[in-house]
Amino acid sequence: MEIGIWIGVVLGVLSTACYSAAAVAQRRLAVALPAPLTGGRPLARLLRHPLWWTSAGLNAGRAGLQVGALAFAPLTVVQPLGVLVLVFGLPWSARLGGRRVTPREWRGAVLTVLALALLLWAAVTGGRSRPMEAWTALAVVVGTLVLISGLAWAAGRVPSPGLRSCLLGAGAGIAFGVASATTKTAVAAAGADGAAFLLHPAACGTAAVAVLGLLLAQAAYQGMELGAPLGVTAVANPVAASVVGIAFMGESYTAGWTGIGVAVLCGLLAAYGIALMSVPDERAPARGGGPRGGARERCPS
């Protein structure tokens, strides 16, 4: 790889470290405020808590580092590095929660990391990406908001805490992945148009999508340990960014049918790894208000 791409990879890893710290802060916040984030009162309590603003600041730092990474490397190289968040975040969150990561969770984390590493190897691009046109960026933002709102609606109507957490984590990952693509377009618009870039759909849309993604991620940690929702987010993030990069920003998936086969295998491997990491928070109340009991529920694989 060119030296510029290596610089992008280093900045991407630093961005992932900030992402890990933000995820751990959000998980601690979910323990402190276990009530579902529906209605005005729980949301107001969330926004008044210092951990929320800590996680928001860390996510802002993550975004800044990622912008730097994307200046040197394409989306399909930078985004899969986000899987390292499991390596950083899983033991950190478990230690703060007064427990050890189980062998089963470690196996799930290793499988998920391997799956995304293979995906990074297969995601060969033909040339650097170009920014989206204004109308394209608007369509991407609106489509993303509709999609993640639908996932949030579905999550609110499933009885399984594990499935609910996975749906919310998927929505958060899609939001973060698309926000990376629109951020790159907004930076290009700022260089070309100056202050007028604030009117570009990519600039306005990035803020809306990123904030909604942050709220979805917070909701995903309610009632579940860190591993599964964070794993789903880490997988959905590069997939969404790659789809946008290839479909709308001129990047190309040049690995052919072999690469597609590897991508499918990676998806299956990651799904199994996430299922292994699905551990309900035994301290969290059940949705009906009573204590949680019965068999542990996992994200479907």
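## A buried glutamate to start from

Let's begin with Glu225, a buried residue whose relative accessible area is 10%. The model in front of you is a predicted one, and Glu225 makes a good entry point to its charged contacts. Glu225 meets Arg27 in a side-chain salt bridge, at 3.6 Å from N to O. Those partners come from distant parts of the chain: Arg27 belongs to helix 1, Glu225 to the loop between helix 9 and helix 10, and 198 residues separate them. Like Glu225, Arg27 is buried.

Glu225 has another partner in Arg99, again with 3.6 Å from N to O. Arg99 sits in the loop between helix 5 and helix 6, and Glu225 in the loop between helix 9 and helix 10, so this salt bridge ties together parts that are 126 residues apart in sequence.

## The salt-bridge network

What does Arg99 pair with at 2.9 Å? The partner is Glu105, with that distance taken between the closest N and O atoms. The two ends of this salt bridge differ in exposure. Arg99 counts as partly exposed because its relative accessible area is 25%, and buried means under 20%. Glu105, at 0% relative accessibility, is buried.

How many salt bridges does the chain have? The count comes to 3. Arg27, Arg99, Glu105 and Glu225 are linked through salt bridges into a network. As a general background, side chains of opposite charge can pair when their charged atoms come close.

## Helices throughout

Now for the overall fold. The chain has 11 helices and 0 strands, and its pattern along the sequence reads α-α-α-α-α-α-α-α-α-α-α. Of its 301 residues, 49% count as buried. Contacts often span long stretches of sequence: among those between residues at least 6 apart, 82% join residues at least 24 apart.

## The nonpolar cores

The largest nonpolar core holds 57 residues, and Ile174, Leu230 and Val244 are the ones with the most contacts inside it. At least two residues of this core come from each of helix 1 (3–32), helix 5 (84–96), helix 6 (103–122), helix 7, helix 8 (161–193), helix 9 (201–220), helix 10 (227–248) and helix 11 (256–277). Which helix gives the most to this core? Helix 8 does, with 12 residues. In soluble globular proteins, nonpolar side chains tend to be buried together.

Leu230 is worth a closer look. Leaving aside residues up to four places away in sequence, Leu230 touches Tyr19, Ala23, Val85, Leu86 and Tyr221. Apart from the largest core lies another one, of 9 residues, with Ile5, Leu11, Val77 and Leu81 among them.

## Rings and a charge

Tyr19, one of the residues that Leu230 touches, also takes part in ring contacts. A search of the whole structure finds 1 aromatic pair. Its members are Tyr19 and Phe176, placed edge-to-face with 6.0 Å between centres and 85° between the planes. This pair links distant parts of the chain, with Tyr19 in helix 1 and Phe176 in helix 8, 157 residues apart. Are these two rings' residues buried or exposed? Both Tyr19 and Phe176 are buried.

Arg62 joins the two rings from the charged side. Its charged end sits over the ring of Tyr19, 5.0 Å from the centre. The charged end of Arg62 also sits over the ring of Phe176, at 4.9 Å from that ring's centre.

## A spot on helix 9

Helix 9 includes Ala208. Ala208 is partly exposed, its relative accessible area being 36%. Ala208 and Ala175 lie 33 residues apart in sequence and 9.3 Å apart in space, C-alpha to C-alpha.

## How confident is the prediction?

The chain has a mean pLDDT of 80, and 85% of its residues reach 70 or more. Which elements mark the two ends of the confidence range? Helix 4 (residues 75–78) has the lowest mean pLDDT, 69, while helix 7 (residues 134–155) has the highest, 93. Over residues 287–296 the pLDDT is below 50, and this stretch has 18 contacts in the model beyond near neighbours in sequence.

Terms used: Residues are numbered from 1 along each chain as its sequence is written. Side-chain values use heavy atoms; hydrogens and water are left out. pLDDT is the predictor's confidence in each residue, from 0 to 100. Helices (H or I, at least four residues) and strands (E, at least two) are DSSP runs, numbered from the N terminus. Contact means heavy atoms within 4.5 Å. A nonpolar core is a set of buried Ala, Val, Leu, Ile, Met, Phe, Trp, Tyr and Cys residues joined through side-chain atoms within 4.5 Å. Buried means under 20% relative accessible area, exposed over 50%, partly exposed in between (1.4 Å probe, protein chains only). A salt bridge is a side-chain nitrogen of Lys or Arg within 4 Å of a carboxyl oxygen of Asp or Glu. Rings of Phe, Tyr and Trp (its six-membered ring) pair if their centres lie within 6.5 Å; planes under 30 degrees apart count as stacked, over 60 as edge-to-face and the rest as tilted. A charge sits over a ring if NZ of Lys or CZ of Arg is within 6 Å of the ring centre and within 35 degrees of the ring normal.
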